[in-house]
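Dear colleague,

I am passing on the structure below, followed by some notes on what I found in it. Please read them with the model open beside you.

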Amino acid sequence: MMRQLLLGLGLLLFAGIALADPMKIGFVDLDKALRELPEAQVGAANLNKQVEAKQKEIEAKRQQIDAFQKSLEKDFPHLSNAQRQDREAQLQSMILSLQQFQRQAQDTLNYQRNQILKNIQTQLVKVVSQIGRAGHYTVILNDKSVLYVSGAIDLTGQVVAAMNSTISAAKSTGKK
């Protein structure tokens, strides 16, 4: 008796799903969208400039350390024990300072990169939601959770175009 009741409920549920509106599925390739969005490209270009500037600073500090080390090696036989210890301590301090600078630079660049991505992704989610509601989609998937995608359901181009028009409209009104 219980088995028949559960079977009947299952059939009713399945029939309800079958009679409901057809499922409409969309797909957005987030990596592709991020590569194609001008805002992401500008952010990446700015980060690359900052990376290059930090790398130049790091290289200059390395050259300074190398020059100091060569000077220490050259002068080493002529230095007293106290002078040797002072110069070796200076060298160690310079090396530690360089390592700290590298960590801080990496942390700063990672933070800035994450902020740029967070802002873009927030806008992207809003645009995808708007497209989903306007297009009456049941679900829109991203590339991180899909094994196969038909080109017929790929909305990436539509999302990029909507993001670009949203960004253009915001810039023309002075908002972001």
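Against which helices do the buried residues of α3 pack? In this predicted model, the buried residues of α3 pack against α2, α4 and α5, the last of these being residues 156–173. The buried residues of α3 are Glu-39, Ala-40, Gly-43, Leu-47, Ile-58, Ile-65, Phe-68 and Leu-72.

As for the helix itself, α3 has 38 residues and reaches 55 Å from its first C-alpha to its last, which is close to the 56 Å expected at 1.5 Å a residue. The unreviewed UniProt entry annotates residues 44–71 as a "coiled-coil region"; in the model that span is 100% helix and 0% strand, with its end C-alpha atoms 40 Å apart.

The second largest pocket may also interest you, and its volume comes to about 150 Å³. Its lining draws at least two residues from each of α2 (30–36), α3 (38–75) and α4 (81–134), and the largest share, six residues, comes from α3. The lining consists of Leu-34, Arg-35, Ala-40, Gln-41, Gly-43, Ala-44, Leu-47, Asn-48, Arg-113, Ile-116, Leu-117 and Ile-120, and by character these residues divide into seven nonpolar, three polar and two charged. Ala-40, Gly-43 and Leu-47 belong to this lining and are also among the buried residues of α3.

Best regards

Notes: Residues numbered from 1 in each chain as written. Predicted model: local features only at pLDDT ≥ 70, side-chain atom pairs only at ≥ 80, totals over all residues. Heavy atoms only, no water. 1 Å grid on protein atoms, 1.4 Å probe; cavity = no way out; pocket = protein on both sides within 12 Å on 5 of 7 lines; lining within 4 Å. Points joined across faces, edges and corners; volume = space filled by probe spheres on them. Helix = DSSP H or I, 4+ residues; strand = E, 2+ residues; numbered from the N terminus. Nonpolar A, V, L, I, M, F, W, Y, C, P; charged D, E, K, R; others polar. UniProt positions renumbered as here; feature names shortened; annotations may be inferred. Expected span 1.5 Å × (residues − 1). Buried < 20%, exposed > 50% of the residue type's maximum accessible area, 1.4 Å probe, protein only. Contact = heavy atoms within 4.5 Å.
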